[in-house]
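Here's a quick tour of a protein structure for anyone new to reading folds. Keep the 3D view open while you go through the points.

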Protein chains: 4
Amino acid sequence: MAETMKGLILTEKGKVALGERPIPKPGPLEALVRTTCVATCNTDHEIVEELIMPPAVGRFVGHEGVGVVEAVGSEVQHFKVGDRICVPSLTPSWDDITTQKGWPQFGRGGMAFDWCLTRDGTFGEFFCVRNVDMNCAKIPDNVNDIQAVMVTDMLSTAWNGVEKSEIEIGNSVVVFGIGPVGLCSIGAAILKGAGRVYAVGTNPKGAELAKMYGATDIISYKDGDIVEQILELNGGAVDVSIVAGGPASCMAQAITMTRGGGSVCSVNAFYEDVVIPVASWNSGMKTQTIKGHQCTGGRDLFERYLAMISIGRFDPEPIVSHTFKGLEGLEDCLWAKKDADCIKPVCVL
Amino acid sequence: MAETMKGLILTEKGKVALGERPIPKPGPLEALVRTTCVATCNTDHEIVEELIMPPAVGRFVGHEGVGVVEAVGSEVQHFKVGDRICVPSLTPSWDDITTQKGWPQFGRGGMAFDWCLTRDGTFGEFFCVRNVDMNCAKIPDNVNDIQAVMVTDMLSTAWNGVEKSEIEIGNSVVVFGIGPVGLCSIGAAILKGAGRVYAVGTNPKGAELAKMYGATDIISYKDGDIVEQILELNGGAVDVSIVAGGPASCMAQAITMTRGGGSVCSVNAFYEDVVIPVASWNSGMKTQTIKGHQCTGGRDLFERYLAMISIGRFDPEPIVSHTFKGLEGLEDCLWAKKDADCIKPVCVL
Amino acid sequence: MAETMKGLILTEKGKVALGERPIPKPGPLEALVRTTCVATCNTDHEIVEELIMPPAVGRFVGHEGVGVVEAVGSEVQHFKVGDRICVPSLTPSWDDITTQKGWPQFGRGGMAFDWCLTRDGTFGEFFCVRNVDMNCAKIPDNVNDIQAVMVTDMLSTAWNGVEKSEIEIGNSVVVFGIGPVGLCSIGAAILKGAGRVYAVGTNPKGAELAKMYGATDIISYKDGDIVEQILELNGGAVDVSIVAGGPASCMAQAITMTRGGGSVCSVNAFYEDVVIPVASWNSGMKTQTIKGHQCTGGRDLFERYLAMISIGRFDPEPIVSHTFKGLEGLEDCLWAKKDADCIKPVCVL
Amino acid sequence: MAETMKGLILTEKGKVALGERPIPKPGPLEALVRTTCVATCNTDHEIVEELIMPPAVGRFVGHEGVGVVEAVGSEVQHFKVGDRICVPSLTPSWDDITTQKGWPQFGRGGMAFDWCLTRDGTFGEFFCVRNVDMNCAKIPDNVNDIQAVMVTDMLSTAWNGVEKSEIEIGNSVVVFGIGPVGLCSIGAAILKGAGRVYAVGTNPKGAELAKMYGATDIISYKDGDIVEQILELNGGAVDVSIVAGGPASCMAQAITMTRGGGSVCSVNAFYEDVVIPVASWNSGMKTQTIKGHQCTGGRDLFERYLAMISIGRFDPEPIVSHTFKGLEGLEDCLWAKKDADCIKPVCVL
């Protein structure tokens with residue numbers, strides 16, 4: 001086997017270039033994966049353009065990827081060479097007390113992208129995965145690589161947040177955002193029994209997909225105040241709000257339009273403080289559950305989610321708007337998300 | 001308005017006959033309903049043939065019914081004459097501490113069928129409903145009477161039990177029974193995100209409907225041991241079992257084939273003791289949640305469930321196999337359920 | 001029986017005076033109570049000095065009170081003349097769909113103080129209670145009036161919020177505030193199995209009581225940054241934070257010092273927006289449960305809480321720092337809370 | 001260091017003898033512990049007298065033990081030589097998907113006692129612990145060895161079951177059994193806010209301890225039917241039942257005397273089928289949560305529980321009725337539990 005691999009290196013702030021890196025050797029609990037498909041989300045831009053994770057410089061970029069197991073460490077039990085696997089964007093160590101406290105995603109390697117800090121990213125010929133038995137899932141035969149790469153971050157982020165939002169059958173649900181995470185959130189709300197689903201967004205292509213995934217109403221700020229529109233259509237406050245896109249002010253809108261005792265869950269990343277408006281929060285007594293959720297991850301979760309694609313209950317592939325090919329497609333894939341027309345770009349290797 | 005109404009009276013053990021009864025006057029929180037559609041389930045046979053609720057003699061039979069509000073009591077806030085309403089088979093008083101303890105269905109008028117004890121049943125031209133504001137829901141315009149009568153007991157019994165079974169997206173689920181409650185349970189499991197759904201039953205028509213409602217596998221005792229078949233197909237224990245039909249031994253099978261930490265919920269009525277087999281219960285340490293559930297009821301719940309039919313996410317009408325007409329159809333409707341070929345009979349008035 | 005009753009009337013903004021009002025007649029579900037003990041909290045000052053509920057002008061003030069049933073409405077089942085009863089500060093109607101959605105406290109008469117809008121308050125010889133069967137609890141013989149009046153608002157507000165905060169045995173808990181609600185929150189945290197309990201406050205008398213109720217550490221801003229002190233003492237983030245006093249900035253501190261996946265619950269009233277600091281909220285991905293809770297109320301809850309005093313597991317009486325007597329003591333009781341030295345004033349009638 | 005260690009070997013069915021065994025070497029995630037205190041429970045008798053786990057023959061007996069870390073494997077992060085540690089009776093591997101499904105105790109090494117199948121037990125000079133970082137907790141300085149050994153199985157079994165029983169403040173609770181697990185269950189019910197606590201048992205010493213730990217009533221079959229006595233004292237059904245001892249019929253009694261919607265949890269081991277009586281189970285519609293619980297274990301849990309002893313909120317030492325000394329005390333300790341007078345025997349090495 002060769003000793004080096006090609007991939008897209010973050011060379012300096014704002015710049016990437018194809019280059020070579022040594023092929024890593026998997027540790028006892030790790031797997032080396034031959035990349036077959038990768039994808040880009042906004043966080044990649046933050047890392048490349050804002051250098052929010054400085055150690056990433058000099059390494060391959062990318063945190064969403066699927067592939068085929070090329071080699072496994074000595075202690076790996078569940079995977080073997082040749083397995084097609086779905087690799088979560090976050091791969092905590094699962095050997096930490098956080099696992100027992102119910103937030104394994106905050107364990108070692110969790111909150112920060114492991115590859116940024118210690119490894120090469122997914123935008124190369126190979127990448128190495130921490131604790132593969134606990135983090136990764138085999139991809140069912142009838143699930144393709146593009147579907148699977150959508151699960152690594154977009155779908156799992158959305159679905160796990162929605163799973164934790166306690167939707168009851170027939171509940172009214174608002175989803176802020178009709179990008180990839182928003183669209184997957186709409187789908188998850190339907191999968192958990194939502195009744196009327198209001199999708200907030202303006203992108204025409206996103207709106208079309210939102211309807212396809214089950215949104216009953218598309219709400220645009222162009223038609224007036226978001227909160228007022230939804231309160232009127234719904235005949236009052238909604239049961240559950242999911243914030244899957246937009247600025248911090250969406251949280252205030254969500255809290256305002258969700259009923260007392262209801263649930264507000266964000267699966268978004270914010271870059272500014274969130275303000276809870278005292279007036280519409282009943283002076284602090286609205287008795288809602290407010291969460292800023294991060295996917296807990298784990299093999300069980302990824303197996304469950306992939307099963308839904310395999311059985312045919314959900315297909316994330318229509319969310320992919322741009323498909324690139326080969327190593328030379330990686331940089332275009334990286335920047336494609338800047339295109340207003342782009343919902344989700346992937347690159348097939 | 002006339003002073004008497006016609007309907008099917010339980011005259012003596014095992015016998016019914018059309019007859020007349022005084023039209024009741026609604027109390028302050030009650031409504032008088034002009035019946036438009038009724039349905040029969042096995043409990044009606046128990047009441048007529050076994051006299052399990054003796055005060056029912058001399059009164060109209062029937063506990064599933066929908067209709068149009070004919071008159072309302074002085075304190076009714078939410079309903080008015082002319083409203084089409086869905087009336088739950090159990091109508092507790094909601095003025096009891098059980099409401100606050102989370103099991104309103106055990107409040108006054110809950111556990112026992114109110115009409116058997118103090119009122120005429122639904123198999124007549126009119127019937128009177130206790131605490132209509134808290135118990136009943138308006139039927140959406142695009143939901144027909146046959147769909148709505150399915151919600152009064154079969155669908156609400158099934159769906160509420162499944163809602164309380166904590167299905168996670170992609171979980172494997174077994175449903176025992178492919179009668180009306182079983183079929184609605186399969187549908188509810190899908191609505192709550194189930195992955196693979198095993199339906200246990202042999203009736204060919206039921207099996208066909210089970211597939212239509214989302215069962216991925218139909219399991220019959222004719223093909224071998226139920227537990228062994230499912231463990232093999234599923235590659236091990238399932239996450240959740242719903243017992244929606246069958247004898248008490250189904251509970252033992254469900255406990256056996258459900259994983260440690262999983263959930264077993266019955267929405268069935270049993271007439272014999274349930275045995276938890278110590279061996280497959282890990283000597284009492286299998287850490288499952290075992291429930292025998294009764295629908296908690298209430299307007300909110302019925303509004304949520306009817307909304308799902310209105311939006312088009314579920315249609316119970318295909319479960320109705322036999323439709324009768326008019327007062328003269330009531331007795332045939334009552335006995336139709338004895339026909340092996342019958343899934344669910346209704347009578348349209 | 002006399003036709004008028006004496007009490008403390010809110011005559012104009014900022015002013016109160018003893019006067020007479022007609023004795024109300026209880027409706028069918030109501031009770032007339034002869035007042036035996038009342039208490040004051042800050043909300044009374046807001047109502048009197050800021051007129052935040054304008055209809056209160058011309059009526060008796062006061063929302064905390066216990067007494068003896070003088071008369072009951074025709075539909076009352078659970079109470080009879082002569083019963084000593086504990087009356088919650090909020091008495092919703094329980095005949096609303098909010099009851100079924102799990103937030104009865106938002107039902108009719110819930111969020112707003114019923115007496116401000118339609119009735120006289122508790123600071124008089126008699127007051128009338130809405131839906132007494134669902135709202136009130138009999139006071140056990142060995143619980144005195146002063147203990148019981150503490151349950152009407154302070155203790156029930158605190159305990160219900162803590163009950164909803166999912167404390168596990170041995171969890172570390174921070175309680176902001178060592179006034180009456182804070183002290184009851186400390187006690188509730190202990191009752192639910194808290195391990196180390198950090199009480200945040202400076203009042204020396206409050207601090208002494210905090211220790212008596214189980215706080216292991218008293219944290220004062222005078223000794224340095226609250227967050228830093230607690231993180232150091234606790235060896236890292238705490239499991240649960242309860243905000244039972246202080247300005248909105250306490251919420252930001254609580255979110256910061258509570259671990260990922262932990263719980264932050266306010267039982268406070270805020271008069272300014274709450275800011276969730278993005279940096280210590282992991283950009284929205286800290287996966288905490290954040291609540292602004294209001295007591296759900298109800299007879300069951302009040303019976304449970306009073307039982308704990310009766311059995312001897314908790315005694316709120318030491319929180320009462322000032323005791324006044326008779327009608328002529330009402331005004332002093334009202335203003336006593338302004339005294340820096342005052343923890344909780346009551347007036348015994 | 002010596003190559004062999006002395007301890008109590010299970011030589012053949014029903015027989016034990018002091019003997020020597022090779023000192024094991026800890027694997028990468030393991031620790032070797034120098035035993036300081038061990039204890040016996042009924043399961044030891046089952047293993048010795050009934051050979052329910054045949055591989056135990058030829059090895060040291062015992063599954064409850066605490067000690068001092070003598071050596072650690074290369075990957076151990078949290079413990080070092082000299083640490084006093086509390087070792088759970090079950091030490092699963094935590095590297096299995098069961099961890100993610102919420103029942104780690106069923107993972108590799110969980111359900112079966114690891115030491116019976118592959119290791120020497122705790123009744124010797126040393127023993128080796130699987131995955132020490134995830135399973136064990138340091139013993140706080142002010143917690144003695146006897147207190148700590150009570151946590152390894154009795155206290156943790158009881159407390160974890162009670163934690164999962166959703167006791168609300170002031171709930172009425174029945175605890176079946178006043179042996180070590182029952183006594184710890186009573187204590188846990190109090191720690192979680194129980195109001196009235198009925199302890200079922202006849203042993204006078206146990207009854208005395210039950211009162212000390214907070215039971216308000218001691219119920220003996222000698223005074224009449226258990227169910228009738230409790231229903232009368234409680235004025236109706238209780239909220240929660242904990243079965244911590246007794247035959248399978250206790251489950252039927254618990255289900256009968258617990259209210260609809262209530263919780264019944266066993267932390268007991270059964271050796272016969274459990275029968276759910278259909279009549280008192282409302283034909284399967286009593287809507288209770290029934291559990292047969294096994295402690296989920298883990299360092300976090302043991303740290304939390306030990307903290308409660310350290311802070312002074314619970315002391316398990318009074319449960320220890322017999323204390324033996326040294327290697328020569330081990331066999332007496334093993335059989336002491338047969339003595340009717342014995343609540344819990346320990347042996348200090």
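Start where two chains meet: Lys291(A) sits opposite Thr289(C), a residue of β14(C). That pair belongs to a strand match in which β14(A) and β14(C), residues 289-292 of chain C, run antiparallel over 3 bridges. Keep in mind that this is a predicted model.

**Where chains A and C touch**

- Chain A puts 33 residues into the contact, and chain C puts in 33 residues as well.
- On chain A's side, the elements giving two or more residues are β12 (258-266), β13 (274-276) and β14 (289-292).
- Which element gives the most to the side of chain A that touches chain C? That's β14(A), with 4 residues.
- Sort the residues on chain A's side by type and you get 14 nonpolar, 14 polar and 5 charged.

**A sheet shared by chains B and D**

- Chains B and D build an open sheet of 12 strands with mixed pairing.
- To walk across it, follow the order β10(B)-β9(B)-β8(B)-β11(B)-β12(B)-β14(B)-β14(D)-β12(D)-β11(D)-β8(D)-β9(D)-β10(D).
- Which strands are the edge strands? They're β10 (217-219) of chain B and β10 (217-219) of chain D, and each of them pairs on one side only.
- From one strand to the next, the twist averages 20°.
- Inside chain B, strand β12 (residues 258-266) pairs with strand β14 (residues 289-292) in the parallel sense, over 4 bridges.
- For a spot to click on in that pair, try Val264(B), which stands opposite Ile290(B) in β14(B).
- Helix α8 of chain B (residues 226-234) lies across four strands of its chain, namely β8 (173-176), β9 (197-200), β10 and β11 (238-243). The helix runs at about 160° to β10(B).

**How chains B and D are related**

- Turn chain D by 180°, with 0.0 Å of shift along the rotation axis, and it superposes on chain B with an RMSD of 0.0 Å.
- That's the relation of a two-fold axis.
- The same surface serves both copies, and 97% of the contact residues of chain D recur in chain B.

**Chain A as a whole**

- How many helices and strands does chain A have? Its secondary structure comes to 11 helices and 16 strands.
- The radius of gyration of chain A is 20 Å, close to the 20 Å that the globule rule gives for 349 residues, so chain A is as compact as a globular protein of that length.
- Along the principal axes, the C-alpha atoms of chain A fill a box of roughly 65 × 40 × 35 Å.

**The two domains of chain A**

- Chain A splits into domain 1 (4-156 + 295-348) and domain 2 (165-292).
- The C-alpha centres of these two domains of chain A lie 28 Å apart.
- Their contact takes 10 residues from domain 1 of chain A and 11 residues from domain 2 of chain A.
- On the domain 1 side of that contact, the residues divide into 7 nonpolar, 1 polar and 2 charged.

**More strand pairing, in chain D**

- Strand β3 (residues 31-39) of chain D pairs with strand β4 (residues 64-72) of chain D in the antiparallel sense, over 8 bridges.
- Look for Arg34(D) here: its bridge partner in β4(D) is Val68(D).
- β4(D) also pairs in the antiparallel sense with strand β5 (residues 84-87) of chain D, over 4 bridges.
- What is the bridge partner of Gly67(D) in β5(D)? It's Ile85(D).

Definitions and conventions. Residues numbered from 1 in each chain as written. Chains lettered and ligands numbered in written order. Predicted model: local features only at pLDDT ≥ 70, side-chain atom pairs only at ≥ 80, totals over all residues. Least-squares fit on C-alpha atoms with pLDDT ≥ 70 in both. Contact = placed C-beta atoms within 7 Å. Domains from an automatic or database assignment. Nonpolar A, V, L, I, M, F, W, Y, C, P; charged D, E, K, R; others polar. Pairing = 2+ DSSP bridges. Axes fitted to C-alpha atoms, helices over the stretch in contact; angles between N-to-C directions. Rg over C-alpha atoms; globule rule 2.2 N^0.38 Å.
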